[in-house]
Amino acid sequence: MHLLVFAIGMLAQAFFSARILVQWILSERSRRVVTPVTYWAFSLIGSALMFVYGICRHDFSILLGQTLTYYIYIWNLHAQGHWKSIRPTAVRYFMLALPPAAMLALAASTDELLQSLFRNENIPLWLLLLGSVGQIVFALRFVYQWYYSYRRGESMLPMGFWLISLAGASLIIIYAIIRLDPVLILGQGCGFIAYFRNIVLLRRERDAKST
């Protein structure tokens, strides 16, 4: 069972890593930062799997981070005109219902499970706070991305998104190293190079427009 839980987490991180890899490759080819639909599709699938992983690991910080960003992925798919193309329709309903269903299941569980989330002996309070802050900062990049894109009427990945990504990923990696969580270490570590590279590409775009 333990290996199955980590397999779910690794699969989720594989989707998160794949979204960054695809976005990075397409951006390098275009010599500018692009926002492919696969980025949001892989994000949504990875997030759904991370809900399962977070519940199995009794990790509140993971659940919190996924809850904050899940519907932003759906908004971006909708903004790019691909959300309604997902078939069958039942899949869309399932994806929409997943976060509240997970929270209801958690709320209806035993007191022992709820205490294991917030009073887990394996995760002291200060470490839980560190992980939660990291997840919140990391999630805020998508809140910023949504606000930026909404104001401009299209799905975009602006400079602020990548800067916030670096800050949040740094905190999560520290948390993951302390907690010895290979899933989080692998997932966040893979993104660092892509974050830096997108910042470089955006700066080049900005410099080219100013000349």
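Start by selecting phenylalanine 15: apart from neighbours within four places in sequence, phenylalanine 15 is in contact (heavy atoms within 4.5 Å) with Phe42, Ile45, Gly46 and Leu49. Phenylalanine 15 sits in helix α1; helices (H or I, at least four residues) and strands (E, at least two) are DSSP runs, numbered from the N terminus. Its relative accessibility is 21%, so phenylalanine 15 counts as partly exposed. The scale here is buried for under 20% relative accessible area, exposed for over 50%, and partly exposed in between, with a 1.4 Å probe and protein chains only. Now add serine 43 to the selection: phenylalanine 15 and serine 43 are 28 residues apart in sequence, yet 6.8 Å apart in space, C-alpha to C-alpha.

Before going further, a word on what you are looking at. This is a predicted model, in which local features need pLDDT of at least 70 and side-chain atom pairs count only at pLDDT 80 or more, while totals for chains, interfaces and linings use all residues. Residues are numbered from 1 along each chain as its sequence is written, and side-chain values use heavy atoms, with hydrogens and water left out.

**The whole chain**

Zoom out. The protein chain has 8 helices and 0 strands, so to speak an α-α-α-α-α-α-α-α run from the N terminus on. Of its 211 residues, 44% count as buried. Among contacts in the protein chain with a separation of 6 or more, 74% are between residues 24 or more positions apart. The accessible surface of the protein chain is about 11,000 Å², and carbon and sulfur atoms hold 68% of that surface; these areas come from the Shrake-Rupley method with a 1.4 Å probe, and for residues only the protein chains shown count as cover.

**Helices α1 and α2**

Select residues 2–30 to see helix α1, which has 29 residues. From first C-alpha to last, α1 reaches 42 Å, close to the 42 Å expected at 1.5 Å a residue. The expected span is 1.5 Å times one less than the number of residues in the helix. Colour the buried residues of α1, among them Val5, Ile8, Ala12, Phe16, Arg19, Ile20 and Gln23. An α-helix has 3.6 residues a turn, so residues three or four places apart point the same way.

Next, select residues 37–56 for helix α2, whose 20 residues should span 28 Å at 1.5 Å a residue; the end C-alpha atoms are 29 Å apart, which agrees. The buried residues of α2 include Tyr39, Trp40, Ser43, Ser47, Met50 and Phe51.

Where does glutamine 66 lie? Glutamine 66 is in helix α3, and because its relative accessibility is 8%, glutamine 66 counts as buried. Setting aside neighbours within four places in sequence, glutamine 66 is in contact with Phe16, Ser47, Met50 and Phe51.

**The cavity**

Keep Phe16 selected and add Arg19, Phe138, Arg141 and Gln188: of the 21 residues that line the largest cavity, these lie nearest its centre. α1, α3 (60–79), α6 (125–152) and α8 (182–210) are the elements that give two or more residues to this lining. α8 gives the most, with 6 residues. The largest cavity has a volume of about 230 Å³, and a search of the whole structure finds 1 cavity of 30 Å³ or more.

For the method, a 1 Å grid is laid over the protein atoms alone: a cavity is a set of points where a 1.4 Å probe fits but cannot get out, a pocket is an open set with protein on both sides within 12 Å along at least five of seven lines, and lining residues have an atom within 4 Å of a point. Grid points are joined across faces, edges and corners, and a volume is the space filled by probe spheres set on the points.

By class, the cavity lining has 10 nonpolar, 9 polar and 2 charged residues. Here Ala, Val, Leu, Ile, Met, Phe, Trp, Tyr, Cys and Pro count as nonpolar, Asp, Glu, Lys and Arg as charged, and the others, Gly among them, as polar.

**The pocket**

Move to Tyr148, Met156, Pro158, Leu202 and Glu205, which lie nearest the centre of the largest pocket, among its 17 lining residues. This pocket holds about 390 Å³ of space. α6, α7 (159–179) and α8 each supply at least two residues of the lining, with the largest share, 4 residues, coming from α8. The classes are 9 nonpolar, 3 polar and 5 charged residues.

**Backbone stops**

Most residues other than glycine have a negative phi, and most peptide bonds are trans. Select arginine 31, in the loop between α1 and α2: its phi is positive, about 60°, although arginine 31 is not a glycine. Is arginine 31 buried or exposed? At 70% relative accessibility, arginine 31 counts as exposed.

Leucine 180, in the loop between α7 and α8, also has a positive phi, near 55°. Leucine 180 counts as exposed at 68% relative accessibility.

For the last stop, select arginine 87 and proline 88, which are joined by a cis peptide bond with omega of about -5°. Proline 88 has its place in the loop between α3 and α4 (89–107).
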